Amino acid sequence: MAMGTSEAVLQIFSRAVPCLFGSDPCFSKSELMSPFEYRVKSIKKRRSRCMLKCSCMTHIHTMTHQLHGNGGVLCGNTSIHRSQLQSCKCQSADSVSGIAAEAGNGTWFVDNAKKLNPINGVMGTPDVLEFQDVQELKPEMEGSISNGAVETARDTCAKVRVDSIEEEAWDLLRESMVYYCGSPIGTIAAKDPTSSNVLNYDQVFIRDFIPSGIAFLLKGEYDIVRNFILHTLQLQSWEKTMDCHSPGQGLMPASFKVRTVPLDGDDSATEEVLDPDFGEAAIGRVAPVDSGLWWIILLRAYGKSSGDLSVQERIDVQTGIKMILRLCLADGFDMFPTLLVTDGSCMIDRRMGIHGHPLEIQALFYSALLCAREMLAPEDGSADLIRALNNRLVALSFHIREYYWIDMKKLNEIYRYKTEEYSYDAVNKFNIYPDQISPWLVEWMPSKGGYLIGNLQPAHMDFRFFSLGNLWSIISSLATMDQSHAILDLVEAKWGDLVAEMPLKICYPALEGQEWQIITGSDPKNTPWSYHNGGSWPTLLWQLTVACIKMDRPEIVAKAIEIAERRIARDKWPEYYDTKKARFIGKQARLFQTWSIAGYLVAKLLLSDPNAAKILITEEDSALVSAFSCMISANPRRKRGRKSSTQTFIV
């Protein structure tokens, strides 16, 4: 290659990042004879981070507190009054040495970047090779640089930029870590320096920590996840009361906060305590049904990732699992195997018309049951519980697969339903009126693909598409293999609606007009195409990644990640995006939202090592498949008679 060509390439790169070329004596002319030999030798880390100062958390990043004594672990599940704050002097979780594994941030996506659309976004930093600069200079290059050189320049710019985004994400995730008694215990929800109203975003949320915990597990940093599991377990036994009423034992908190309080009788000394919220202080006062389910899922992931099964084998952990199961499997008035919950009891924690049997809760419930069955110790006291668990798994899988599934064929069947059927072999078992089928659904449903509806109750089907419920149904094998592929087919077919300019819609479509007024109560935060009402949430990337990896279709999520990388770092990692196409940062979205950061990192880590997704995936049980087939072939009219007395199981 001519010297003029090499110098032209050098000049172009120097204009983009002068700090990398020109001033380094290592780069001599003899080393710059071919543009294919260019390598970026160093990148300055972005260290300017806005820190959120929180008066009630004394140990966010640097620890100054000196510990005294070892303290014991609360192994029982005895009731503790809220006035007795959990103190670090007597309630410390066991710790294990973390393994710092330096792993690559992901090469699968980068190596396959040419197969996808080019990355057009840029980061707002002078220390990154900007692809946009190269595109603007392309006319100048065409006369002196071969097409191969341009391709090399483009690939180098894209790779450096992606690496910089990941590096920034890890810095931000570590800055969000919360410490308790000198040990990491979780990550706060958000560290937005632009917001003066913190609300509860400075707390550690159970559901929000899940992607953070998975990211740390994939990096081999196990201590923070172990501490989180054990300390939240201790909070499970706290007394929970609102207006003289207490929920069932086994409820896990929605969130907790590390507070520094004066020692009794000594105002000059302080101690750290954990202060949980079970819904008593939450907006709407709703108990978090999903917290315990996520806790079980994370516990299994920790054991599979770290190889440390001693945690799940502990007596207090086994008891905690049983308490959650007992709460979920308790007999009630409902005729269905699905969990009956109030509005706002999961990720959608505001009034959005999901009360009843929302798909998200059912998918997490099914997944938690499978994980718990895998971890429960085989002992006499667990026999009845495991029997009840297996029975529920069979009934739940049949119910969801048979009655929640909808595609063009099923939609046509509903359209022709007869109503007011009174018989044991009725086709329209839930008395669904065909007029419930909305015009948008008739036009929106693709000929190839389908999904699980959002909710099912007598005379009511919620036809909205809820992303988390459908994705976790794939991951947990609640959906069949054919249904799982059909869900991903629908995501591809409706890419412009569900992904658009930022993945991923939390639900589709949004409630609008009078429907929005009636169902949400005219909620000013859940306006159409905002927040939970059709907003786009980047954190859902990691669930999409696991689902795509399980179904061997990683190209779908790779394309979604590429779209996210165009702007998520430049937009300062928002909580959610607004409008139909996700063009605006959410009007009330927090910036530097931790689970947006962690969701991106988990997606990248899993794409680079798809085998690691096994810590989250549960495969379909052959025994369940057999039982499922028996249910389908059985006579719809069951034998009626006196039910034998049920045995109670002891926790």
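What percentage of the 651 residues of the protein count as buried? In the predicted model, the buried fraction is 57%. The accessible surface comes to about 28,700 Å², and carbon and sulfur atoms contribute 51% of that area. The secondary structure consists of 22 helices and 14 strands. Among the contacts with a separation of 6 or more, 74% join residues that lie 24 or more positions apart.

Confidence was examined along the chain. The average pLDDT of the protein is 80, and 72% of the residues score at least 70. Two stretches are predicted with pLDDT under 50. One of them covers residues 1–85, for which the model has 159 contacts beyond four places in sequence. The other covers residues 645–651, where 11 contacts beyond four places in sequence are present in the model.

Two helix pairs were then considered. Two packed helices are described by the angle between their axes and the distance between the axes. Helix α19 (residues 541–550) packs with helix α20 (residues 554–565) at an angle of about 160°, and their axes are 8 Å apart. Because angles over 145 degrees count as roughly antiparallel, α19 is described as roughly antiparallel to α20. The crossing of α19 and α20 is left-handed. On the α19 side, the residues involved are L541, L544, T545 and C548; these meet P554, I556, V557, A560, I561 and A564 of α20.

In the second pair, helix α11 (residues 359–375) and helix α15 (residues 467–475) have axes that come within 7 Å and cross at roughly 25°. Angles under 35 degrees count as roughly parallel, and α11 is therefore roughly parallel to α15. Here L359, E360, A363, L364 and S367 of α11 make the contact with L468, G469, N470, W472 and S473 of α15. The crossing of α11 and α15 is left-handed.

At the level of a single residue, W516 is located in helix α18 (residues 513–520). The relative accessibility of W516 is 15%, and since buried means under 20%, W516 counts as buried. Leaving aside residues up to four places away in sequence, W516 touches L511, G521, S522, D523, N526, T527, P528 and N533. A further relation links W516 to M352, which is 164 residues away along the chain; the C-alpha atoms of W516 and M352 are separated by 8.7 Å.

Terms used: Residues numbered from 1 in each chain as written. Predicted model: local features only at pLDDT ≥ 70, side-chain atom pairs only at ≥ 80, totals over all residues. Heavy atoms only, no water. Helix = DSSP H or I, 4+ residues; strand = E, 2+ residues; numbered from the N terminus. Buried < 20%, exposed > 50% of the residue type's maximum accessible area, 1.4 Å probe, protein only. Contact = heavy atoms within 4.5 Å. Areas by Shrake-Rupley, 256 points an atom, 1.4 Å probe, with all protein chains shown as cover. pLDDT = per-residue confidence, 0-100. Axes fitted to C-alpha atoms, helices over the stretch in contact; angles between N-to-C directions. Parallel < 35°, antiparallel > 145°, perpendicular 65-115°, else oblique. Left-handed = near helix turned anticlockwise from the far one by under 90°.
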